[in-house]
Amino acid sequence: MVLSHLNDKRIMKNYILFSFLVITKICVSQQLPISSLYYWNNYLINPASTGHENNNIIQASSRFQWSGLNGAPQTHFFGGHGLIGKTGIGGAIISDGLNGNFNQLTALLNYSYFLQMDRYSGISFGISSVMSQYSFNGLDMELTSYDPALNVVSNQLIPDVNIGVMYKYMDLLKIGISVNQLLQSKLTDFNDIAEGEDRNKLVRQYNFLGSYKAYLRKDLAIEFYSTLRTVLSSPLQAEIGSRFISNDQASFGLGYRTSDAVLLLFAFEFDKFHVNYNMDITTSKLSDYSLGTHEVMLGFKFGKSRKPRTYFR
């Protein structure tokens, strides 16, 4: 439904939402899309984890942010990765859109190399070549008041680089650190939308991802995980949680992302397929308007399987 068909109150609410998200996205705060399923797709933000699962895998996911809000962000991705000897190769296409007016289309090509430290542990280094197209179309927006800064059409193609390192102990402990948007390129086509010396700059995002799995018995494990992300111009955002895993197939988890949401996770693996669902229960002021965020992922494993290494195997 277009904004002209809504009442003035809803027009104003969506205008405020859109303005807030555009300023947040283009200026100097959170610029990269967030996923609640980084346990399964963390190669998107840390290239060092590329190929270092127990299978080669192809994945696709969709994330619907703040369901119930007209024009809220949606993120979709398709990608995969695998291991050839000690080398990990992978890639992905990510589409992150806002109300059809602001869109970011990103292509990743990942490379990682694994160094064995001893029989049980190793460390990997990764680099990702990134190409993103940023598109903004303000001509189709119908607002309560005219804003010349938004009455533009812009497209820009920006190259960038991600780097990362990851330590792995069997399949029980993983610790990774990565940096996204290393080059800090500028979106020069968007100069009218933001102000300041560093306007429209892609700032570096620093990420920490860690997980630890403990087996309660041979067919039941509990895994704790944490994700920390920050850019130097905004506060640290933390995500912590845990999940129970039965027979390395079905899992249920609970987590929390600071100043944002409580996370509910369900996952199931059968044969070569896996299905993952996550719901973010919004805890911020947007909870008055949102029905939560929903994210679904489908995956397919292929090639020779590598047995997980745990205390029981």
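These exercises work through strands, a surface patch and one buried residue in a predicted model.

**Exercise 1. Two faces of a strand**

Task: Sort the side chains of strand E11 (residues 250-257) by face, and say which face is buried.

Solution:
- Step 1. Start with the general pattern. In a regular strand, side chains alternate between the two faces of the sheet.
- Step 2. Apply it to E11. Ser251, Gly253, Gly255 and Arg257 point to one face. Ala250, Phe252, Leu254 and Tyr256 point to the other.
- Step 3. Check burial. The face with Ser251, Gly253, Gly255 and Arg257 is buried. Ala250, Phe252, Leu254 and Tyr256 are not buried.

**Exercise 2. The neighbours of E11**

Task: Find which strands pair with E11, in which sense, and over how many bridges.

Solution:
- Step 1. Look at strand E10 (residues 237-246). E10 pairs with E11 in the antiparallel sense, over 8 bridges. Within this pairing, Phe252 of E11 is the bridge partner of Phe244.
- Step 2. Follow the chain between them. E10 and E11 make a hairpin with 3 residues in between. In that turn, Asn247 has a positive phi of about 55 degrees.
- Step 3. Turn to strand E12 (residues 261-270). E11 and E12 also run antiparallel, joined by 8 bridges. Leu254 stands opposite Leu264 in E12.
- Step 4. Inspect the second turn. E11 and E12 form a hairpin with 3 residues between them. Here Ser259 has a positive phi of about 55 degrees.

**Exercise 3. A nonpolar patch**

Task: Work out which elements build the nonpolar surface patch of about 860 Å², and classify Phe300 as buried, partly exposed or exposed.

Solution:
- Step 1. List members. Among them are Ile58, Phe78, Phe268, Val275, Leu298 and Phe300.
- Step 2. Assign elements. E12, strand E13 (273-282) and strand E14 (293-302) each give two or more residues.
- Step 3. Find the main contributor. E14 supplies the largest share, 4 residues.
- Step 4. Place Phe300. This residue lies in strand E14. Its relative accessible area is 32%, so Phe300 is partly exposed: the class lies between the 20% and 50% cut-offs.

**Exercise 4. A buried glutamine**

Task: Say where Gln181 sits, whether it is buried or exposed, and what it touches.

Solution:
- Step 1. Locate it. Gln181 is in the loop between strand E7 (173-180) and strand E8 (205-217).
- Step 2. Judge exposure. Gln181 has 5% relative accessibility, so it counts as buried. The cut-off for buried is under 20%.
- Step 3. Look for contacts. Beyond its sequence neighbours up to four places away, Gln181 touches residues including Gln31, Tyr134, Asp160 and Arg204. Asn162 is another contact. Asn162 and Gln181 are 19 residues apart in sequence, but 6.0 Å apart in space, C-alpha to C-alpha.
- Step 4. Find a polar partner. The Gln181 side chain reaches the backbone oxygen of Val203 at 2.7 Å.

Technical notes
Residues are numbered from 1 along each chain as its sequence is written. This is a predicted model: local features need pLDDT of at least 70, side-chain atom pairs count only at pLDDT 80 or more; totals for chains, interfaces and linings use all residues. Side-chain values use heavy atoms; hydrogens and water are left out. Buried means under 20% relative accessible area, exposed over 50%, partly exposed in between (1.4 Å probe, protein chains only). Two strands pair if DSSP finds at least two bridges between them. Patches are made of residues with over 30% relative accessible area and no salt bridge: like charges are joined within 9 Å, nonpolar side chains (Val, Leu, Ile, Met, Phe, Trp, Tyr) within 5 Å. Accessible areas come from the Shrake-Rupley method with a 1.4 Å probe; for residues, only the protein chains shown count as cover. A salt bridge is a side-chain nitrogen of Lys or Arg within 4 Å of a carboxyl oxygen of Asp or Glu. Contact means heavy atoms within 4.5 Å. A polar contact is a pair of N or O atoms within 3.5 Å; within protein, one must be able to donate a hydrogen and the other to accept it, and residues adjacent in sequence count only if both atoms are side-chain atoms.
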